[in-house]
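Here is a set of exercises to work through with a model open on your screen. Try each task yourself before you read its solution.

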Amino acid sequence: MTGTVLTGCAEDPNEGTNGVGRLPAAKIQSKTRAAAENAGAVRVHGNVVSGGRTYALDMRLKDDGGDGSVTTKGTTFELLRVGEELFVKADADFWSHGGGQGEGGADAAAAAKLGGKFVKVPQGDPSYKKFSGFTDKALLLDGLLTLHGTLATDGHDEQAGVRTIRITGDKGSGGTLEVSLEGKPYPLRLERAGGAGTLTFSAWGEDFALRQPEKNETVDYGKQLPAS
């Protein structure tokens, strides 16, 4: 009788939640991806390691564009995409060193004109695909919200005061994802497989204004950026 009473009084970590904590890990991942895809907006903050380079991101994203900052190798640049129009804003040093991508950037005079301005990235320029990927909600989340290997649940946690369920791929080596147990099952924190970065997700569904920069803030460099 005593054992029955204790079992009945044990706290259920899923009590009062959205219920995804009771589901198998694969189902949780499916639901959190669907919630992310259907959300109108999100803020992504943290680090991503790609191609041997670490990128620190702080981006606000929605279906028709995004804005924010990216830092890599000590250089920070701002990105703004409104529809298909993509702009990069950085200091003159960024442009004089080849847009942070190697040797052969703009000369000092040209770099000075570009510094501090929103420089329009031509769609035919090789940089367009690379830079726009940081502002593409669907593309970025699709690439990030994937755990590799055998999925499993790994206990309950809390992120920024929100209760979560943790799911892992291959016991964590394939990545770890914290999913909200409150409201919609949004992803809140991701540790990428292979130590490829850690990201937090917030402001799900919170719309924000995107506007084209004013003409006096903008430089149209032409068909190709320096050292692209």
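The exercises below go from the sheet to its hairpins, then to the pockets and a salt bridge.

Before you start, note that this is a predicted model, in which local features need pLDDT of at least 70, side-chain atom pairs count only at pLDDT 80 or more, and totals for chains, interfaces and linings use all residues. Residues are numbered from 1 along each chain as its sequence is written, and side-chain values use heavy atoms, with hydrogens and water left out.

**Exercise 1. The sheet**

Task: Work out in which order the strands of the open sheet follow one another, and which strands stand at the edges.

Solution:
- Begin with the terms: strands (E, at least two residues) and helices (H or I, at least four residues) are DSSP runs, numbered from the N terminus. Two strands pair if DSSP finds at least two bridges between them.
- Now trace the order, which is β7-β8-β9-β10-β11-β1-β2-β3-β4-β5-β6-β12, giving an open sheet of 12 strands with mixed pairing.
- At the edges you find β7 (151–159) and β12 (218–220); each has a single partner strand, so one side of each lacks a neighbour in the sheet.
- Next comes the twist: on average, neighbouring strands of this sheet are turned by 20 degrees against each other, direction ignored. Here axes are lines fitted to C-alpha atoms, for helices over the stretch in contact, and angles run from 0 to 180 degrees between N-to-C directions.
- Finally, look for a helix on the sheet: α5 packs there and touches β2, β4 (75–82) and β5 (85–89), its direction making about 85 degrees with that of β5. Contact means heavy atoms within 4.5 Å.

**Exercise 2. Hairpins**

Task: Follow the chain through its hairpins and find, for each strand pair, the bridges and a partner residue.

Solution:
- Take β1 and β2 to begin with: they run antiparallel and are joined by 10 bridges. Val-48 has Tyr-55 as its bridge partner in β2. Two residues separate the strands of this hairpin, and Gly-51 in the turn has a positive phi of about 60 degrees.
- Carry on to β3 (residues 65–72), which runs antiparallel to β2 and is joined to β2 by seven bridges. Met-59 finds its bridge partner in Gly-68, and the hairpin from β2 to β3 passes through two residues.
- Move to β7 and β8 (residues 162–169), an antiparallel pair with seven bridges. His-156 is partnered by Ile-165 in β8. Between these strands lie two residues, and Ala-160 takes a positive phi near 50 degrees in this hairpin.
- Then β9 (residues 176–180) meets β10 (residues 187–191) in an antiparallel pair with four bridges. Leu-177 has Leu-190 as its bridge partner, while Glu-178 has Arg-189. The hairpin has six residues between its strands, with Gly-183 in the turn at a positive phi of about 70 degrees.
- End with β10 and β11, which are antiparallel and share three bridges. Leu-190 appears again, here with Leu-199 of β11 as its bridge partner. This hairpin also has six residues between the strands, and Gly-194 takes a positive phi near 65 degrees.

**Exercise 3. Two pockets**

Task: Find what lines the largest pocket and the second largest pocket.

Solution:
- Settle the terms: on a 1 Å grid over the protein atoms alone, a pocket is an open set of points where a 1.4 Å probe fits, with protein on both sides within 12 Å along at least five of seven lines; lining residues have an atom within 4 Å of a point. Grid points are joined across faces, edges and corners, and a volume is the space filled by probe spheres set on the points.
- The largest pocket has a volume of about 300 Å³. Of its 13 lining residues, the closest to its centre are Val-48, Ser-50, Gly-133, Phe-134 and Leu-140.
- Sort that lining by element: β1 (41–50), β2 (53–62), α5 (126–133) and α6 (137–144) each supply at least two residues, and α6 gives the largest share, four residues.- Sort the lining by class: seven residues are nonpolar, three polar and three charged. Ala, Val, Leu, Ile, Met, Phe, Trp, Tyr, Cys and Pro count as nonpolar, Asp, Glu, Lys and Arg as charged, and the others, Gly among them, as polar.
- The second largest pocket holds about 180 Å³ of space. Its lining includes Gln-159, Ala-160, Glu-182 and Lys-184, and its largest share, three residues, comes from β11 (residues 198–202).

**Exercise 4. A salt bridge**

Task: Find the salt bridge partner of Arg-22.

Solution:
- A salt bridge is a side-chain nitrogen of Lys or Arg within 4 Å of a carboxyl oxygen of Asp or Glu, and the whole structure has 13.
- The partner of Arg-22 is Asp-12, with the closest N and O atoms 2.9 Å apart.
- Both residues lie in the loop between α1 (2–9) and α2 (25–38), so the pair ties together parts that are 10 residues apart in sequence.
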